[in-house]
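Please open the structure in a viewer and keep the selection panel at hand. The tour below proceeds from a whole chain to single residues and then to the contact between chains.

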Amino acid sequence: MNGVKDTILSVDRLTVRFDASPPLLKRLVTGAGRRTVHAVEEVEFEVARGSTFALVGESGCGKSTIARAIAGIQRPSGGSVSFMGVDIAGFRTRHAAMPYRRNLQMIFQDPYASLNPRWRVGRIIAEPILTHGLMTRGAALTARVAELLETVGLSPGDTAKFPHQFSGGQRQRISIARALAANPAFVVCDEPTSALDVSVQAQILNLMRRLQRERGLTYLLISHNLAVVAHMADDMGVMYLGRLVEQGDAGQILGRPLHPYTRLLLDTVPDPRAPKRDRARLAGEVPSPLAPPTGCAFHPRCPLANARCARERPLPIRVEAALVACHAVEEGRLPSRPPAAQQSFATSGDAA
Amino acid sequence: MSALLKVEGLRVEIARRGRVMTAIDDVSFEIAAGEILGVVGESGAGKSVTGTAVLGLLERPAFQAAGRILFDGRRIDTLDEDAMRALRGREIAAVFQDPLTSLDPLMTIGDQLTETIRTHLDLTQAEAVERAARLLAEVGIPAPRERLASYPHEMSGGMRQRVVLALAFSCEPRLIIADEPTTALDVSIQAQILDLLRAMCRERGTAVMLVTHDMGVIAEVADRVAVMYAGRLVEVGPTQSLLAEAAHPYTRGLMGSIPDMHRRDVELAQIPGSMPRPDAPVPGCAFHPRCGQALPRCAVERPLTFTAGASEVACWLADPAARSAA
């Protein structure tokens, strides 16, 4: 974002659309048209090497689709993803994509579904090392697997066990060991702790931070949990209905959010340290990505929306360390927010 | 204040392949009329088993091995299935995590509501439909009359959970057992459902046993909190004071492990190890192997319950005798 940073990942106008049309015959009979899910629309962001960039948003906002596009599991409909200076859409063969795949690994939400139940832990962790031809079978590989297990807080004796012999937290440690096996520069973490209890979540988050410090890893963290994002992220992007509405320095966005959606999202998070605080509420539900609203997609739920918001899509503008796509911000209609951020946003909006 | 629900020394065991495991043990608590009690704990702590036992829905191989459950002064754990069924839905209603499993996919919303209403209340079909529409309006469903003809799959997750709330409240129960009612929902929808639940209970004086793993949800709605660990209650107290200064080392560890939105860049507190499983019970205090302050007696003697501030705590550290000796 500023030239000083060493950018490892650059996402440019990334768009992913899914065809959700009824079958051809039904379309011909009923006269129904094609339907397209606008999962991700023209998303742009950059991730600096060694940092954590978090994408937050509610279900269906497109955050996991972005993760899948970056990991090469989902082909983009438009735009580009450039990783370590190479456009990943340009790979014509699996072979050409191998160095990229080695440097970019993924941790998934469900440690029960993402580990092969019929493989022993040793084989699960050795697989990426063998696939990428980094080592051959032998004593050195065994030692490497043992070292990886110790790195994530498991014992080298665990190699002979099957995934079902471990708890959810331990399985996520195995997933992390597998992700680290090929010595990647970048790890995409899609809701890595959502399936875990809070005390186990704390263990995994502490482990992820320690590994980042020790190995200079870069994380793309996908999460719906703003407290987890606050704990982990250097930079963050807030998504709504396939678009980034606000992005930039995580401290600024969490401390002084600008976009009305970010503000309301922060107000809805229950905080065990502030019981029964008085907060603004986000009315209504996220509209269907099959038919996103015109103009700013958030305008039907936004307390500050006017005719322009319904008509014209806002473009991102820079405010200090953040980019915000909102007409109210651009026009200076945004009400100031109390520093404690615990008062009702709707009422302060009325006063402005 | 007399208790609406009183659970005394409840123990649930699971018999499997000739072995008997204890799922919850010696669980005692009360819920006053109109009170919201949050029951919180991690997976496997026994909080859902407790709710299931109160509803009389324990299924083999789980069974109640000891204790009593009293509703409005009357013992309900010894009722036969017919009497319990008459009570469920009428006096005690349930809300579960996944609205899709609580709703029949083949019945319209209207049919499900009127069926429940007419099972328990002496109303005509027209009166039941009227009541169903009023309930849908109250839980914030737009165009409630038209929605009566909808099927569950035609609604969003948040709307479905509103329908489940309408069903739960349809016969004006005095107690609702809500088991992770918002866990499957996004935070903004979760806030809407919690607000609705709280408002409807306050208006009607309905008591709630709210089972959840989320301390944030507890902070939002509960009057009092009961913390469970490895099948036992470790701490019970008023929400504000319990969240601000927990007395039990487990509760303190749990609070410390929750990331704080306003204090970044701090290492999260960790509770080492994991909760013992029912097939490998721990002698003494079940938390002692993970507790940083464990005393020698914690490994052998099961802690009694002591008063610490506004809370009741099952922990030897709270023993006034030990404290005066120290």
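**Chain A as a whole**

Begin by selecting chain A of this predicted model. A compact globule of 352 residues would have a radius of gyration near 20 Å, and the 22 Å of chain A agrees with this. Turn the chain about its principal axes: the C-alpha trace spans about 70 × 55 × 40 Å. In cartoon display, chain A shows 13 helices and 12 strands. Of its 352 residues, 44% count as buried. Consider next the contacts in chain A between residues at least 6 apart in sequence: 65% of these join residues at least 24 apart.

**The two domains of chain A**

Colour residues 7–255 of chain A as domain 1 and residues 259–352 as domain 2, following the domain assignment. The C-alpha centres of these two domains of chain A lie 29 Å apart. Where they meet, domain 1 of chain A contributes 22 residues and domain 2 of chain A contributes 20 residues.

Which elements of domain 1 of chain A give two or more residues to the side that touches domain 2 of chain A? They are β2 (36–48), α8 (226–232), β9 (235–240), β10 (243–249) and α9 (250–255) of chain A. Select β10(A) in particular, since the largest share of this side of domain 1, 6 residues, comes from that strand. Coloured by class, this side of domain 1 of chain A, which touches domain 2, has 11 nonpolar, 6 polar and 5 charged residues.

**Helix α4 of chain A**

Now select residues 121–131 of chain A, which form helix α4. Its buried residues are A:Val121, A:Ile124, A:Ile125, A:Ala126 and A:Ile129. Add α5 (139–151) and α6 (168–181) of chain A to the display; both are included in what covers the buried residues of α4(A). After α4(A) comes A:Gly133, whose phi is positive, near 65 degrees.

**The largest nonpolar core**

The largest nonpolar core has 194 residues, and the members that touch the most others are A:Ala54, A:Leu220, A:Val229, B:Leu210 and B:Tyr229. Show helix α7 (residues 157–169) of chain B, which supplies the largest share of this core, 8 residues. In chain A, domain 1 (7–255) and domain 2 (259–352) each give at least three residues to this core.

Centre the view on A:Leu220. Leaving aside neighbours within four places in sequence, A:Leu220 is in contact with A:Val47, A:Phe53, A:Ala67, A:Ile70, A:Val188 and A:Cys189.

**Where the chains meet**

Display both chains together. The contact takes 36 residues from chain B and 31 residues from chain A. On chain B, the elements that each supply at least two residues to the side touching chain A are α8 (187–204), α9 (215–221), α10 (239–244) and α11 (249–256). By class, this side of chain B has 16 nonpolar, 13 polar and 7 charged residues.

**Chain B and one proline**

Select residues 5–255 of chain B, which an unreviewed UniProt entry annotates as "domain: ABC transporter". Over residues 5–255, chain B is 40% helix and 28% strand, and the end C-alpha atoms are 28 Å apart.

Finish at B:Pro276, in the loop between α11 and β11 (305–308) of chain B. Is B:Pro276 buried or partly exposed? B:Pro276 counts as partly exposed because it has 17 C-beta neighbours inside 10 Å, whereas a buried residue needs 20 or more. Not counting residues up to four places away in sequence, B:Pro276 touches B:Ala230, B:Pro281, B:Val282 and B:Ala286. The C-alpha atoms of B:Pro276 and B:Gly231 are separated by 9.8 Å, and these residues are 45 residues apart along the chain.

Technical notes
Residues are numbered from 1 along each chain as its sequence is written. Chains are lettered from A and ligands numbered from 1 in the order in which they are written. This is a predicted model: local features need pLDDT of at least 70, side-chain atom pairs count only at pLDDT 80 or more; totals for chains, interfaces and linings use all residues. Two residues are in contact if their C-beta atoms, placed from the backbone, lie within 7 Å. Helices (H or I, at least four residues) and strands (E, at least two) are DSSP runs, numbered from the N terminus. Ala, Val, Leu, Ile, Met, Phe, Trp, Tyr, Cys and Pro count as nonpolar, Asp, Glu, Lys and Arg as charged, and the others, Gly among them, as polar. A nonpolar core is a set of buried Ala, Val, Leu, Ile, Met, Phe, Trp, Tyr and Cys residues joined through C-beta atoms within 7 Å. A residue is buried if 20 or more other C-beta atoms lie within 10 Å of its own, exposed if 12 or fewer, and partly exposed in between; C-beta atoms are placed from the backbone. Domain bounds come from an automatic or database domain assignment. The radius of gyration is taken over C-alpha atoms; the globule rule is 2.2 Å times the number of residues to the power 0.38. UniProt positions are given in the numbering used here, feature names are shortened, and annotations may be inferred rather than shown by experiment.
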